[in-house]
There are 2 protein chains.
Amino acid sequence: MDKFMIDSQQQIDLKTFDPNDTNGLSKDSIKEEYSNLQKEFAHLQDIFYASKKFALLIVLQGIDCSGKDGTTRKLLNDINPNGFRVESFKEPTQEELGHDYLWRIHKSVPQKGFITVFNRSYYEDVLVTRVHGLIDDNTAFNRFNEINMFEKFLVNNNTIIIKFFLHISKDFQKKKLEDRLEIPEKHWKFSASDLTERKSWDKYQQYYEDLLCNCSTDEAPWNIVPSNKRWFRDYVVLKTTVDVLNNLNLKYPDIDENIKELINKVKESN
Amino acid sequence: MDKFMIDSQQQIDLKTFDPNDTNGLSKDSIKEEYSNLQKEFAHLQDIFYASKKFALLIVLQGIDCSGKDGTTRKLLNDINPNGFRVESFKEPTQEELGHDYLWRIHKSVPQKGFITVFNRSYYEDVLVTRVHGLIDDNTAFNRFNEINMFEKFLVNNNTIIIKFFLHISKDFQKKKLEDRLEIPEKHWKFSASDLTERKSWDKYQQYYEDLLCNCSTDEAPWNIVPSNKRWFRDYVVLKTTVDVLNNLNLKYPDIDENIKELINKVKESN
């Protein structure tokens, strides 16, 4: 999966990343591996939750229709909901706007043992705000540094961060918008703003390139996930996550007391 | 499922409720229905999330080893994690203790469109506190009234409340405690306090009877779920939840604008 991870601060041209890329794999060829990865993830999450040594923050970003909701659902499907949480950051409230842009974010980071998925994140504060002219380029570049420091701080304090950019093509977005309008049960997913935001496609791509380049650090690199094919997107996200958890080599914690004595106490209790 | 719902404030004797009860059903006989209920729940949750008309609060209570975590997991398995959250209330912090006992609870109730499962709840404030002598009987009975008012307030403000008491036998708890000690991967689930709390079994049963009786209202009745058999427990919880959602008769919201015009706009966008 290293292929999709960005080395520290290399310049990014998204046109050179094929959203249809499947790394030469077919859906059928990974079916069994995917199913095994799901089981492995459930097992690793159990140990992660039990050991309470690290927190895991998964940041999902992508343009409208890139499939952030579906990715979240597919990834968390079948692991223990007592140990995860999804945070969706919508437009900030007046109180949140009265604070710095990381204030509401910091309150929502996971505690040790827990996994939190940010379905959109603080990266919107160097993205949609920039597209809409709410911040200038200078502010955006300052924020890249601030975000890098914030992430470094979290990592230093036992939070692991995995960041996925779901990369789709402009045609793919068009097809998804059509779907939302043509299927009555999907109407609610459509918003008039989807059309106006689509007009800023190029700006979004450019500003994504900026943040992918400037906020890929050793502590928290970005992964660019080809996302035109759902099955491949889900596979990359799951495999990357499982790899990270595996590398922690966590173990179930044990009990300090004498197990046999405890068992006897339980057996003797009426 | 009405059989397991408590009519308004009837006196409860838990000894008359069989934790092994399966209502004459076998695991095999409900297999297909259970699978259909899961699909129905996923579909109903999608509409619930889309319509944003109501919030759903599911309260899970039960003595140690009654299976609150497992029930949560089984229930939420396969529905959309963007639309639910699990809240586990542990021992209150100093700041929380400085406030009334519903302060931290109120902050965690679901917003419209969302489902929140309370894995333990404010009912611990008329239960474990009472067993440990932190509140007297008089306070407990006052709190029953306060809780009823709080729940009535939530219901008046578009929150639906479903409350499940997972009912197990004392022998079943013993078996589960032994499991936790005999299976190394479950050691972390064992706590020395499990043994001391078990000594207060009768008190817990009595105080549960009090809260089940006094806090079963028309707005938010308790369901006593026979929970020695996991499959039956999961079935009752899922079926009750699906029934409640079905009774709401929710529909996907539609778009006010002209759909054909919107489709053309999308098709024309480059």
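Start by selecting B:Gln61 in this predicted model. Its bridge partner in strand β4 of chain B is B:Phe165.

**Strand β1 of chain B**

Widen the selection to β1(B), residues 55-62. Eight bridges join β1(B) to β4(B), residues 159-167, and the two strands run parallel. Now add β3(B), residues 115-119, which pairs with β1(B) over five bridges, also in the parallel sense. To find one point of that pairing, select B:Val59, whose bridge partner in β3(B) is B:Phe118.

Are the residues of β1(B) buried or exposed? Eight of its eight residues are buried. In a regular strand the side chains alternate between the two faces of the sheet. For β1(B), select B:Ala55, B:Leu57, B:Val59 and B:Gln61 to see one side. Then select B:Leu56, B:Ile58, B:Leu60 and B:Gly62 for the other side. Both faces are covered.

**Two helices of chain B**

Next, select helix α6(B), residues 137-156, together with helix α9(B), residues 201-214. Two packed helices are described by the angle between their axes and the distance between the axes. Here the angle is about 35 degrees and the axes are 10 Å apart. The crossing of α6(B) with α9(B) is right-handed.

Which residues meet where these helices pack? On the α6(B) side, select B:Asp137, B:Phe141, B:Phe144 and B:Asn148. On the α9(B) side, select B:Tyr207, B:Asp210, B:Leu211 and B:Asn214. The residues of this contact divide into four nonpolar, two polar and two charged.

**A threonine in chain A**

Move to chain A and select A:Thr72, which lies in helix α2(A), residues 68-76. Why does A:Thr72 count as buried? The cut-off for buried is under 20% relative accessible area, and A:Thr72 counts as buried because its relative accessibility is 1%.

Show what A:Thr72 touches, leaving out residues up to four places away in sequence. In chain A, the residues touched are A:Leu60, A:Val86, A:Val117 and A:Asn119. A:Thr72 also touches B:Pro81 and B:Asn82 of chain B.

**Where the chains meet**

Finally, show both chains and select the contact between them. Chain A contributes 47 residues and chain B contributes 47 residues. About 4,300 Å² is buried between the two chains, and carbon and sulfur atoms give 57% of that area. For the chain B side, select B:Arg73, B:Trp188 and B:Val266. These residues lose the most area to chain A, together 16% of what the chain B side buries.

Technical notes. Residues are numbered from 1 along each chain as its sequence is written. Chains are lettered from A and ligands numbered from 1 in the order in which they are written. This is a predicted model: local features need pLDDT of at least 70, side-chain atom pairs count only at pLDDT 80 or more; totals for chains, interfaces and linings use all residues. Side-chain values use heavy atoms; hydrogens and water are left out. Buried means under 20% relative accessible area, exposed over 50%, partly exposed in between (1.4 Å probe, protein chains only). Helices (H or I, at least four residues) and strands (E, at least two) are DSSP runs, numbered from the N terminus. Two strands pair if DSSP finds at least two bridges between them. Axes are lines fitted to C-alpha atoms, for helices over the stretch in contact, and angles run from 0 to 180 degrees between N-to-C directions. A crossing is left-handed if the near helix is turned anticlockwise from the far one by less than a right angle, and right-handed if clockwise. Contact means heavy atoms within 4.5 Å. Ala, Val, Leu, Ile, Met, Phe, Trp, Tyr, Cys and Pro count as nonpolar, Asp, Glu, Lys and Arg as charged, and the others, Gly among them, as polar. Buried area is the accessible area (1.4 Å probe) that two parts lose on being put together, summed over both.
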